[in-house]
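Please walk me through this structure, starting with how its nonpolar residues are grouped. I would also like to see its aromatic pairs and its charged contacts.

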Amino acid sequence: MTQSPSLPFQQAQAFQGLSAEGLQRLQSNAQLIRYDLGQLVVASSSLPAKVSFLLEGTARVLATQQGQLTTLARIGPGELVGLASLLHAHPCEHVTASSAL
């Protein structure tokens with residue numbers, strides 16, 4: 001039997017309103033995934049199958065401007081990746097790991 005490590009969901013602003021039961025359900029369904037430097041976290045060409053909650057490291061939110069990828073923002077622990085695309089039901093995020101995540 002594998003146990004999930006305790007993850008700090010309650011510290012993220014996005015989860016502040018969740019009940020204790022909601023946090024427990026989130027915790028029990030969460031999976032730890034590691035992304036290496038430069039690895040694609042979410043592609044702008046496809047709808048993600050999951051939402052990622054960054055625990056450590058940094059990522060770059062990218063966009064194409066004049067034919068070149070440009071960094072729009074750097075994000076880190078406590079940020080959600082993939083949620084905007086799922087809420088819009090249309091892929092709209094392109095995120096890569098700028099350090100180990």
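The paragraphs below go through the cores, the ring pairs and the salt bridge of this predicted model.

In soluble globular proteins, nonpolar side chains tend to be buried together. Here the largest nonpolar core has ten residues: Tyr35, Val41, Val42, Leu54, Ala59, Ile75, Val81, Val95, Ala97 and Leu101. At least two residues of this core come from strand E1 (40-42), and at least two from strand E6 (95-97). Leu54, one of the ten, can be followed through its contacts. Beyond its neighbours within four places in sequence, Leu54 touches Ala59, Ile75, Gly76, Pro77, Gly78, Glu79, Val81 and Leu101. A second core, separate from this one, has five residues, among them Leu7, Phe9, Ala12 and Phe15.

Next come the aromatic rings, which form three pairs in the structure. The ring centres of Phe9 and Phe15 lie 5.5 Å apart with the planes at 85 degrees, so this pair is edge-to-face. Phe15 also pairs with Phe53: the centres are 5.7 Å apart and the planes at 70 degrees, so this pair too is edge-to-face. The pair of Phe15 and Phe53 joins distant parts of the chain, 38 residues apart, with Phe15 in the segment before helix H1 (20-29) and Phe53 in strand E2 (residues 52-53). Ring pairs thus link Phe9, Phe15 and Phe53 into a cluster. Relative accessible area is 6% for Phe9 and 14% for Phe15, and Phe53 is at 16%; buried means under 20%, so each of these counts as buried.

What of the charged side chains? Side chains of opposite charge can pair when their charged atoms come close. The structure has one salt bridge, between Asp36 and Arg34, at 3.2 Å from N to O. Asp36 is partly exposed, at 40% relative accessibility, whereas Arg34 is exposed, at 56%.

How values were computed
Residues are numbered from 1 along each chain as its sequence is written. This is a predicted model: local features need pLDDT of at least 70, side-chain atom pairs count only at pLDDT 80 or more; totals for chains, interfaces and linings use all residues. Side-chain values use heavy atoms; hydrogens and water are left out. A salt bridge is a side-chain nitrogen of Lys or Arg within 4 Å of a carboxyl oxygen of Asp or Glu. Buried means under 20% relative accessible area, exposed over 50%, partly exposed in between (1.4 Å probe, protein chains only). A nonpolar core is a set of buried Ala, Val, Leu, Ile, Met, Phe, Trp, Tyr and Cys residues joined through side-chain atoms within 4.5 Å. Helices (H or I, at least four residues) and strands (E, at least two) are DSSP runs, numbered from the N terminus. Contact means heavy atoms within 4.5 Å. Rings of Phe, Tyr and Trp (its six-membered ring) pair if their centres lie within 6.5 Å; planes under 30 degrees apart count as stacked, over 60 as edge-to-face and the rest as tilted.
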